[in-house]
2 protein chains.
Amino acid sequence: MADCTELEWAIQVLVNNFDKYSSRCCCRKPRRISKKDFRKMLSCELNHMLTDTGNRRAADKLICDLDENKDGRISFEEYWTLIGGIASPIAHIIRQQEQSVKHTK
Amino acid sequence: MADCTELEWAIQVLVNNFDKYSSRCCCRKPRRISKKDFRKMLSCELNHMLTDTGNRRAADKLICDLDENKDGRISFEEYWTLIGGIASPIAHIIRQQEQSVKHTK
């Protein structure tokens, strides 16, 4: 997808990032991320977004809540929901920052 | 977030994109995207990813399935799940393309 929109590029980054941290435990099963690798991903790839321990604790809780089938490995859909769970409060903070910048202009 | 990782930048693109197409129907309620604006977003922002009608029909079905509270407006969480629903099959296609490229080298 040489020419793609910014949104398509961003989605592809999230997909490639899943591939980077996921692995196949056997050839028939789809790729998944181990909880250990997911935490490694959080600290390597989301170290600015997850700065304070509050966010980190929220991410940890999300990981435990979200491993729906309790197999200790995270599917693409669980990964995507987890990132959404992290993005959603961040979306709120970004909007507040932008509004406070608008009011100070 | 001047210095951020590629993944953080991609998440911010998805968050900003939600803001771009969402609006507030009244000041107390969180911002949401109307179905009309969501379809407009699909055709403007995901026109390469949603090329064939199959993907487009899948996206339409997703919109109808996902408007959980049937208020005709899509929350951030519903928006995020919708994009994940679109990304997930794409993730599969991207991997197949990469594997077929690897085998031809």
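In this predicted model, chain A is built from 4 helices and 2 strands. Going along the sequence, the elements of chain A come in the order α-β-α-α-β-α. Chain A has 105 residues, and 44% of them count as buried. As for how the chain folds back on itself, take the contacts in chain A with a separation of 6 or more: 56% of them are between residues 24 or more positions apart.

Next comes the meeting of the two chains. Chain A puts 40 residues into the contact, and chain B puts in 40 residues as well. Between them the two chains bury about 3400 Å², and 70% of that area sits on carbon and sulfur atoms. Polar contacts do turn up here, with a count of 11 residue pairs between chain B and chain A. Looking at chain B's side of the contact, helix H1 (6-21), helix H2 (35-45) and helix H4 (76-104) each bring at least two residues to it. H1(B) gives the most, with 14 residues. Sorted by type, the chain B residues that touch chain A split into 21 nonpolar, 9 polar and 10 charged. Salt bridges are another matter: 0 are found across the interface of chain B and chain A.

Two residues of chain B give a feel for this contact. B:Glu8 belongs to helix H1 of chain B. With a relative accessibility of 0%, B:Glu8 counts as buried, because the cut-off for buried is under 20%. Leaving aside residues up to four places away in sequence, B:Glu8 touches a run of chain A residues, namely A:Glu45, A:Leu46, A:Asn47, A:His48 and A:Met49. B:Ser88, for its part, sits in helix H4 of chain B. The side chain of B:Ser88 makes a polar contact of 2.7 Å with the side chain of A:Glu77. With the same neighbours in sequence left out, B:Ser88 touches A:Phe76 and A:Glu77.

A:Phe76 leads on to the aromatic side chains. Over all chains, the whole structure holds 10 aromatic pairs. In one of them, A:Phe76 and A:Tyr79 have ring centres 5.9 Å apart and planes at 50°, so this pair is tilted. Both residues lie in helix H4 (residues 76-104) of chain A, 3 residues apart, which is about one turn of the helix. A:Phe76 and A:Tyr79 are both buried. Another tilted pair is made by B:Phe18 and B:Tyr79, with 5.1 Å from centre to centre and 50° between the planes. This pair links distant parts of the chain, with B:Phe18 in helix H1 of chain B and B:Tyr79 in helix H4 of chain B, 61 residues apart. B:Phe18 and B:Tyr79 are buried too. Both chains feed into one aromatic cluster, formed by A:Phe18, A:Phe76, A:Tyr79, A:Trp80, B:Phe18, B:Phe76, B:Tyr79 and B:Trp80.

A:Thr81 is also part of helix H4 of chain A. At 43% relative accessibility, A:Thr81 counts as partly exposed. A:Thr81 and A:Ile63 are 18 residues apart in sequence, and their C-alpha atoms are 10.0 Å apart in space.

That leaves the salt bridges. Side chains of opposite charge can pair when their charged atoms come close. The search over all chains finds 4 salt bridges. One of them joins the side chains of A:Arg31 and A:Asp19, at 3.7 Å from N to O. A:Arg31 is in the loop between helix H1 (6-21) and strand S1 (33-34) of chain A, while A:Asp19 is in helix H1 of chain A, 12 residues apart. A:Asp19 is buried, at a relative accessible area of 12%.

A:Lys20 and A:Glu45 form another salt bridge, and their closest N and O atoms are 2.7 Å apart. Here the link runs from helix H1 of chain A, which holds A:Lys20, to helix H2 (residues 35-45) of chain A, which holds A:Glu45, 25 residues apart. A:Lys20 is exposed, with a relative accessible area of 57%, whereas A:Glu45 is buried at 11%.

In chain B, the side chains of B:Arg31 and B:Asp19 meet in a salt bridge of 3.8 Å, N to O. B:Arg31 lies in the loop between H1 and strand S1 (33-34) of chain B and B:Asp19 lies in helix H1 of chain B, so the pair ties together parts that are 12 residues apart in sequence. B:Arg31 is partly exposed, with a relative accessible area of 21%, and B:Asp19 is buried, with 14%.

Definitions and conventions: Residues are numbered from 1 along each chain as its sequence is written. Chains are lettered from A and ligands numbered from 1 in the order in which they are written. This is a predicted model: local features need pLDDT of at least 70, side-chain atom pairs count only at pLDDT 80 or more; totals for chains, interfaces and linings use all residues. Side-chain values use heavy atoms; hydrogens and water are left out. Contact means heavy atoms within 4.5 Å. Buried area is the accessible area (1.4 Å probe) that two parts lose on being put together, summed over both. A polar contact is a pair of N or O atoms within 3.5 Å; within protein, one must be able to donate a hydrogen and the other to accept it, and residues adjacent in sequence count only if both atoms are side-chain atoms. Ala, Val, Leu, Ile, Met, Phe, Trp, Tyr, Cys and Pro count as nonpolar, Asp, Glu, Lys and Arg as charged, and the others, Gly among them, as polar. Rings of Phe, Tyr and Trp (its six-membered ring) pair if their centres lie within 6.5 Å; planes under 30 degrees apart count as stacked, over 60 as edge-to-face and the rest as tilted. Buried means under 20% relative accessible area, exposed over 50%, partly exposed in between (1.4 Å probe, protein chains only).
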